[in-house]
Amino acid sequence: MTDKATMQAIAKLVPQGARVLDLGCGDGALLSYLQRENGCTGYGVEIDDANVLACVKRGVNVVQLNLDEGLAIFEDDTFDVVLQINTLQHLRNAETMLRETARVGKSGVIAFPNFAHWPNRLSVMRGRMPVTSRLPYQWYDTPNIRVGTFKDFEVLARKNRLGVVDAFGLDEVGNVVRTLPNFFASTAVFCLERQ
Amino acid sequence: MSFIATPQFMHFEEALPLTSGASIRDYTLAYETYGTLNANRSNAVLVCHALNASHHVAGVYADQPKSEGWWDNMIGPGKPVDTNKFFVIGVNNLGSCFGSTGPMHTHPDTGEVYGSSFPVVTVEDWVNAQARLLDRLGIAQLSVVLGGSLGGMQALSWTLQHPDRMRHAVVVASAPNLTAENIAFNEVARRAIVTDPDFHGGDFYAHNVIPKRGLRIARMIGHITYLSDDVMNEKFGRELRGGIDLKYSTQDIEFQIESYLRHQGEKFSEYFDANTYLLITRALDYFDPARPHGGNLTLALARARAKFLLVSFTTDWRFSPQRSREIVKGLLDNRRDVSYAEIDAPHGHDAFLLDDPRYLSVMASYFDNAAKELSA
């Protein structure tokens with residue numbers, strides 16, 4: 001999600017001056033935007049060498065860690081907002097990381113590709129795994145090891161006793177989709193709070 | 001082709017109080033500088049050296065074309081630490097054998113060679129001595145303090161002892177203290193030296209001998225710990241020096257790795273001082289900024305104000321990534337600006353001196369940003 005409109009849509013969910021932890025921060029573009037536009041501080045966590053380098057280039061604090069090894073390096077309740085933007089689908093321990101997000105942050109924003117988006121459904125109905133701009137990989141070479149839907153995530157959040165403060169979809173260009181997001185949105189966005 | 005480096009010497013008459021309670025006066029620090037100090041004296045980078053290195057960080061000496069400084073791949077015009085932008089200072093630590101006052105020099109009170117009476121120095125003492133050198137050079141605040149391994153410990157110590165004297169600290173392949181295993185390796189090396197019949201309790205200078213046997217073994221042990229198992233296997237494997245036939249000898253060199261270690265040990269014993277080796281390994285053992293805080297590194301790092309870059313290497317088992325992460329955690333707990341790169345390099349601890357493109361580009365990018373601040 002490098003698209004500027006999408007980034008702005010996510011940034012709207014982060015309060016001014018918030019202390020932010022961006023899990024799977026990629027090239028640091030969102031964190032850099034939040035620092036500049038929202039006066040935020042914080043850190044990105046990233047595993048990929050090229051992304052870590054991009055963050056250092058941007059002057060964004062980045063910690064190179066494998067999220068599948070946990071977040072023990074961060075103490076409880078140290079961030080206002082923990083972001084997991086297009087990260088969940090790459091994690092082996094997606095549920096653990098969700099609980100860790102709630103442990104280290106007062107609130108969380110999770111965004112991931114919604115597998116129940118109608119073009120995906122259509123594709124599966126035709127008997128093929130979807131290949132779209134949000135899920136651009138073939139089934140045999142995809143780095144997305146967890147594909148879930150808007151509705152699936154609601155169930156997972158409830159199971160982990162996380163309160164959904166807000167939930168909506170985003171379309172390809174970052175417009176908010178509030179009508180039947182499980183069907184009409186390519187990206188699912190959840191704002192969570194510990195209950 | 002590297003630029004020409006010239007060692008310089010600064011003499012200090014005033015006594016420097018040491019952590020041990022002793023003090024040292026009338027001492028000299030050897031140093032080199034590269035690049036130009038800018039008008040507002042803000043572009044200085046201090047490079048702290050590791051165990052067996054010196055002030056000769058980059059460039060070559062005019063009369064020795066092969067005398068590249070130990071971090072010549074990192075520091076120079078157009079290199080990650082660009083001397084077109086930064087004024088880089090390399091300094092040789094007290095107690096070392098490369099020009100700063102050390103055990104082979106004369107005690108000002110007795111007129112005799114220090115030898116075994118050279119005071120035990122700590123990382124903190126070195127940092128305080130370096131601070132005096134900066135005072136003399138008229139540098140109130142460094143842009144970056146930089147070091148690898150033991151040098152990284154000095155960089156970390158700088159941020160705690162003189163928190164306002166640098167904007168950035170870059171700590172590479174280092175640790176917040178030594179593990180028991182690390183201390184054990186140091187102890188074996190020291191025992192090799194002190195039990196050498198030529199050591200004479202540290203006063204071997206008077207006997208005109210050098211405890212070379214001890215130094216050779218110390219270096220061999222050190223060298224093993226600086227490399228990874230994989231690299232050693234790749235470089236030497238089980239290759240025999242004499243071809244395919246075994247000699248059935250327990251004394252002769254059989255394997256290439258033996259030959260290599262003996263060669264490294266021999267070279268080292270030609271130029272390194274035995275007392276210096278004892279002093280430096282002891283400074284390594286003692287370094288532990290968390291000690292006055294009941295072992296709590298987070299409390300210890302609360303004093304730091306610098307922005308940090310930490311770099312570790314996955315195959316470094318002497319100063320493992322876990323040890324760097326401990327420093328990162330302490331800084332995160334204190335909400336300091338910190339970035340951490342864990343470089344997946346095969347070379348072990350020595351990787352910090354080698355040309356890994358991922359490592360060098362992270363360093364270059366970090367220093368680029370530090371340089372941009374200078375003109376901002």
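Helices (H or I, at least four residues) and strands (E, at least two) are DSSP runs, numbered from the N terminus, and the loops named in these legends lie between such elements, as with R335(B) between α9 and β12 of chain B. The views that follow are of a predicted model.

**View 1. The largest cavity, in chain A, has a volume of about 50 Å³.** The structure holds two cavities of 30 Å³ or more, and the lining of the largest is made up of L98(A), T101(A), A102(A), G105(A), K106(A), S107(A), G108(A), L162(A), L192(A), E193(A) and R194(A). Three elements of chain A, namely α4 (94-104), β5 (105-113) and β8 (187-194), each contribute at least two of these lining residues, and the largest share, four residues, is that of β5(A). Sorted by class, the residues around this cavity are four nonpolar, four polar and three charged.

**View 2. The second largest cavity, in chain B, has a volume of about 30 Å³.** Its lining consists of F185(B), N186(B), A189(B), A218(B), I221(B), G222(B), Y226(B), Y277(B) and R318(B). Two helices of chain B, α3 (180-194) and α4 (212-226), are the elements that give two or more residues to this lining, and α4(B) gives the most, with four residues. The class count for the lining of this second cavity is six nonpolar residues, two polar and one charged.

**View 3. A nonpolar patch of about 620 Å² is found on the surface of chain A.** The residues that make the patch are W118(A), L122(A), M125(A), L180(A), F183(A) and F184(A). Both α5 (118-125) and α7 (181-184) of chain A supply at least two residues of the patch, and the greatest contribution, three residues, is from α5(A). One member, F183(A), belongs to helix α7 of chain A, and F183(A) counts as partly exposed because its relative accessibility is 32%, whereas buried would mean under 20% and exposed over 50%.

**View 4. Positive phi at S149(B), in a loop of chain B.** Most residues other than glycine have a negative phi. S149(B), although it is not a glycine, has a positive phi of about 60°, and its place is the loop between β9 (142-148) and α2 (150-161) of chain B. With a relative accessibility of 9%, S149(B) is classed as buried, since that class takes in values under 20%.

**View 5. Positive phi at R335(B), in another loop of chain B.** Here too the residue is other than glycine, and the phi of R335(B) is near 60°. R335(B) sits in the loop that runs between α9 (321-333) and β12 (338-343) of chain B. Its relative accessibility is 48%, and R335(B) therefore counts as partly exposed, as the exposed class needs a value over 50%.

**View 6. K267(B) in helix α6, shown together with P289(B).** K267(B) is part of helix α6 of chain B, which covers residues 256-271. K267(B) has a relative accessible area of 42% and so is partly exposed. K267(B) and P289(B) are separated by 22 residues in sequence, while the distance between them in space is 34 Å from C-alpha to C-alpha.

Methods:
Residues are numbered from 1 along each chain as its sequence is written. Chains are lettered from A and ligands numbered from 1 in the order in which they are written. This is a predicted model: local features need pLDDT of at least 70, side-chain atom pairs count only at pLDDT 80 or more; totals for chains, interfaces and linings use all residues. Side-chain values use heavy atoms; hydrogens and water are left out. On a 1 Å grid over the protein atoms alone, a cavity is a set of points where a 1.4 Å probe fits but cannot get out, and a pocket is an open set with protein on both sides within 12 Å along at least five of seven lines; lining residues have an atom within 4 Å of a point. Grid points are joined across faces, edges and corners, and a volume is the space filled by probe spheres set on the points. Ala, Val, Leu, Ile, Met, Phe, Trp, Tyr, Cys and Pro count as nonpolar, Asp, Glu, Lys and Arg as charged, and the others, Gly among them, as polar. Patches are made of residues with over 30% relative accessible area and no salt bridge: like charges are joined within 9 Å, nonpolar side chains (Val, Leu, Ile, Met, Phe, Trp, Tyr) within 5 Å. Accessible areas come from the Shrake-Rupley method with a 1.4 Å probe; for residues, only the protein chains shown count as cover. A salt bridge is a side-chain nitrogen of Lys or Arg within 4 Å of a carboxyl oxygen of Asp or Glu. Buried means under 20% relative accessible area, exposed over 50%, partly exposed in between (1.4 Å probe, protein chains only).
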